[in-house]
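Open the model in your viewer and keep the selection tool ready. The tour below goes from stop to stop, saying what to select next and what is there.

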Amino acid sequence: MCSVAAAAKYAVPANIILAVAQREGGRPGQWVRNTNATYDIGAMQFNTAYIRTLARYGIGTGDVAKAGCFSFDLAAWRLRGHIKNDRGDIWTRVANYHSRTPRHNAPYRAAIMIGARQWGNWLAARFHTYDTLTVATPQTIAAVAAAPAAKAPLRTASLSPAASPVRITAKPTRRILRAPATPARPLEYAAPIRVAYQAPGYVTRSISAEQ
């Protein structure tokens, strides 16, 4: 979920963030030494060479190494920079997260394309997705509002073997019950019932490996 949240925050395709996170395979507190005397740190294996440039913002290795979503946000921020500013197709730009050297970039690029396809299918099965560039248009808002409730993101639940769909029907009644003239006295511990509506969450769209 840190990957999905970071993707939404920085407008980077969610399947790309997930593919990079899977490829990096890091964990909080992890330090991996590279042949060029730099280190890859934390869950997203953020390189110390980039961390040095962030010192002016008060960001250090400890921030990147610790558990939580910060390292994913930082990785999404960096990936957004590569996608917007680097040359080549989108997969080459994403692979620049690992290395700009062609012989290192190419195998990473191939692995990310495979991972992004798999994660794209995973996201499509669990989330509404949309293009962040068009989300604010009236057409997109109307399409989201009209989306069937059955397609909304659902939390995975373990159902018992005897579980069955719940159906609610309305039946006409012959007798209308009127409220008593004197309302019942509420209990001292009674409190108003409040019903809150929480809109379903959405994630940035996936980019297919064919693009």
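A residue is called buried when its relative accessible area is under 20%, exposed when that area is over 50%, and partly exposed in between. Please keep in mind throughout that this is a predicted model.

Begin by selecting Trp 122, which has a relative accessible area of 30% and is therefore partly exposed. Add Trp 119, which is also partly exposed, because its value is 22%. These two residues both belong to helix H7, where they are three residues apart, or about one turn of the helix.

The structure holds three aromatic pairs, and two of them are visited here. Trp 119 and Trp 122 form one such pair, with ring centres 5.3 Å apart and planes at 75°, so the arrangement is edge-to-face. Now select Phe 46 and Tyr 50, whose ring centres lie 6.1 Å apart and whose planes meet at 65°, so this pair is edge-to-face as well. Phe 46 is buried, with a relative accessible area of 1%, whereas Tyr 50, at 27%, is partly exposed.

Keep Tyr 50 on screen and add Arg 78, whose charged end sits over the ring of Tyr 50, 3.6 Å from its centre. If you then show Tyr 97, you will find that the charged end of Arg 78 sits over that ring too, 4.2 Å from its centre.

Tyr 97 leads to the next stop, the largest nonpolar core, which has 37 residues and in which Val 20 and Tyr 97 have the most contacts. Helices H1, H2, H4, H5, H6 and H7 each supply at least two residues of this core, and its largest share, seven residues, comes from H2. Select Val 20 and look beyond its neighbours within four places in sequence: there it is in contact with Met 44, Leu 79, Val 94, Tyr 97, Tyr 108 and Ile 112.

Which residue's side chain makes a polar contact with the side chain of Gln 45? Select Gln 45 in the loop between strands S2 and S3, and you will see that the partner is Gln 30, at 3.4 Å. Gln 45 is buried, with a relative accessible area of 7%, and the residues it touches, not counting those up to four places away in sequence, include Val 32, Asp 40 and Tyr 97.

Finish in two loops. Ala 11, between helices H1 and H2, has a positive phi of about 55° although it is not a glycine. Ala 37, between strands S1 and S2, likewise has a positive phi, near 75°.

How values were computed:
Residues numbered from 1 in each chain as written. Predicted model: local features only at pLDDT ≥ 70, side-chain atom pairs only at ≥ 80, totals over all residues. Heavy atoms only, no water. Helix = DSSP H or I, 4+ residues; strand = E, 2+ residues; numbered from the N terminus. Buried < 20%, exposed > 50% of the residue type's maximum accessible area, 1.4 Å probe, protein only. Polar contact = N/O pair within 3.5 Å; in protein donor to acceptor, adjacent residues only side chain to side chain. Contact = heavy atoms within 4.5 Å. Core = buried A, V, L, I, M, F, W, Y, C linked by side-chain atoms within 4.5 Å. Phe/Tyr/Trp six-rings, centres within 6.5 Å; stacked < 30°, edge-to-face > 60°. Lys NZ or Arg CZ within 6 Å of the ring centre and 35° of its normal.
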